[in-house]
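Work through these exercises with the model open beside you. Try each task before you read its solution.

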Amino acid sequence: MKISTIAVIMAMSEEAEPFIRAHGLQRADSVFDRQLPMDVFLGKVHGLDVSLVVCGKDPRFGVDSVGTQPATLSTYLAIERFKPDLLINAGTAGGFQAKGAEIGDVYVGSGCIRFHDRRIPLPGFEAYGVGSYPMPEFHQFAATLGLKRGIVSTGNSLDMAPEDLAMIQDNEGEVKEMEAAAIAWVADLYQVPLVALKSITDLVDSGRPTHEEFLENLSVASEALQAKLTAAIDYCACTDLSLA
Ligand code: SAH
């Protein structure tokens, strides 16, 4: 599969900042309807056209629009506007020290991407709730880039309710975050391949409050994310990702 256009979806401006700076991406105004909070940055990375859509500041609350609804909308807009050959969702996430995660590790979502907060115990709806959008195993890609591989599990909370933990365990989730499964749903509808890159800001089983760890490590994790995101784009420029 020849890739020439990549759309990157990121939830938070602080996650995106090192990547924008490293490649001198230029802000593009008025790409989407002016009511929408999404920020768009355009540029070339290793000869490929890269469009970065950051979910932007919520106009009512003034904070980054994290979570599934803005991610869904950003992905739809990016596909409609830029017709990318590939989507990359790059962001931060919680890891599990019991599964060997360390702060600053970058994972590539492999196998599938699932939800852990959509419990719908009705016939047929249970599987719909979990999602399980298929992803490649990415053995070669991960080995080349020095990434860990794991199942990404998505929900709309930063904390972890016992019901969510139980579902993450059922999901065999190793990477807990708030956007990837929503993005995978849109990518699946439009049949655009997706890579999820997730840099670990916090260890959800460390005993420390997640929000404290998250804020402490956001900057370091975002730098690690930018390095691996750049390497991933380089890989796509040189190697056929469908063989990964
Ligand atoms: N800015 C907020 C937190 C943002 S929510 C604050 O100041 O506290 C966390 C963002 O990072 C989401 O986009 C989510 O995808 C990711 N994330 C990082 N660690 C996470 C975790 N343990 N659980 C869920 N999402 C996490």
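The exercises below use a predicted model.

**Exercise 1. Two helices side by side**

Task: Find how the axes of helix 2 and helix 6 cross, and list the residues that make the contact.

Solution:
- Step 1. Locate the helices. Helix 2 covers residues 68-82, and helix 6 covers residues 180-190.
- Step 2. Look at the axes. They come within 8 Å and cross at roughly 30°.
- Step 3. Classify the angle. Angles under 35 degrees count as roughly parallel. Helix 2 and helix 6 are therefore roughly parallel to each other.
- Step 4. Assign the hand. Helix 2 passes helix 6 in a right-handed crossing.
- Step 5. List the contact. Helix 2 supplies Thr68, Ala71, Thr72, Thr75, Tyr76, Ile79 and Glu80. Helix 6 supplies Ala182, Ile183, Trp185, Val186 and Tyr190.
- Step 6. Sort by class. The contact of helix 2 with helix 6 has eight nonpolar residues, three polar and one charged.

**Exercise 2. Burial in helix 6 and the residue after it**

Task: Which residues of helix 6 are buried? What is the sign of phi at the residue that follows helix 6?

Solution:
- Step 1. Pick out the buried positions. In helix 6 these are Ala180, Ala181, Ala182, Ile183, Ala184, Val186 and Ala187.
- Step 2. Move past the end of the helix. Gln191 follows helix 6, and its phi is positive, near 55°.

**Exercise 3. A second helix pair**

Task: Describe how helix 1 meets helix 7.

Solution:
- Step 1. Locate helix 1 at residues 13-23. Helix 7 spans residues 210-238.
- Step 2. Read the geometry. The two axes come within 8 Å, crossing at roughly 50°. That angle makes helix 1 oblique to helix 7.
- Step 3. Assign the hand. The crossing of helix 1 and helix 7 is right-handed.
- Step 4. List the partners. From helix 1 come Glu14, Glu15, Pro18, Phe19, Arg21, Ala22 and His23. They meet Leu218, Ser219, Ser222, Glu223, Leu225, Gln226, Leu229, Thr230 and Ile233 of helix 7.
- Step 5. Sort by class. The contact of helix 1 with helix 7 holds seven nonpolar, five polar and four charged residues.

**Exercise 4. Thr210**

Task: Is Thr210 buried or exposed, and which residues does Thr210 touch?

Solution:
- Step 1. Place the residue. Thr210 is in helix 7.
- Step 2. Apply the cut-off. Buried means under 20% relative accessible area. Thr210 is at 15%, so Thr210 counts as buried.
- Step 3. Find its contacts. Not counting residues up to four places away in sequence, Thr210 touches Leu158, Asp202 and Val204.

**Exercise 5. From the core to strands 2 and 3**

Task: Name the residues that touch the most other members of the largest nonpolar core. Then trace contacts from Leu52 to Val40 and on to Ala28.

Solution:
- Step 1. Start with the core. It has 67 residues, of which Ile6, Leu52, Phe141 and Leu197 touch the most other members.
- Step 2. Take Leu52. Beyond four places in sequence, its contacts are Val8, Met10, Ala16, Phe19, Ile20, Leu25, Asp39, Val40 and Phe41.
- Step 3. Go to Val40, in strand 3 (residues 39-45). Val40 has a relative accessible area of 3%, so Val40 is buried.
- Step 4. List the contacts of Val40. Outside its neighbours within four places, they include Leu52, Val53, Phe82 and Ala28.
- Step 5. Go to Ala28, in strand 2 (residues 26-28). Ala28 is buried too, with a relative accessible area of 19%.
- Step 6. Check the spacing. Ala28 and Val40 are 12 residues apart along the chain, and their C-alpha atoms are separated by 5.5 Å.
- Step 7. Close the trail. With neighbours within four places left aside, Ala28 is in contact with Val40, Phe41 and Leu42.

**Exercise 6. Positive phi in loops**

Task: Compare Ser132 and Glu172 by phi, location and accessibility.

Solution:
- Step 1. Recall the background. Most residues other than glycine have a negative phi.
- Step 2. Read phi. Ser132 has a positive phi of about 50°. For Glu172, phi is positive at about 55°.
- Step 3. Place them. Ser132 is in the loop between helix 3 and strand 7. Glu172 is in the loop between helix 5 and strand 9.
- Step 4. Judge accessibility. Ser132, at 29%, counts as partly exposed. Glu172, at 52%, counts as exposed.

Key:
Residues numbered from 1 in each chain as written. Predicted model: local features only at pLDDT ≥ 70, side-chain atom pairs only at ≥ 80, totals over all residues. Heavy atoms only, no water. Axes fitted to C-alpha atoms, helices over the stretch in contact; angles between N-to-C directions. Helix = DSSP H or I, 4+ residues; strand = E, 2+ residues; numbered from the N terminus. Parallel < 35°, antiparallel > 145°, perpendicular 65-115°, else oblique. Left-handed = near helix turned anticlockwise from the far one by under 90°. Contact = heavy atoms within 4.5 Å. Nonpolar A, V, L, I, M, F, W, Y, C, P; charged D, E, K, R; others polar. Buried < 20%, exposed > 50% of the residue type's maximum accessible area, 1.4 Å probe, protein only. Core = buried A, V, L, I, M, F, W, Y, C linked by side-chain atoms within 4.5 Å.
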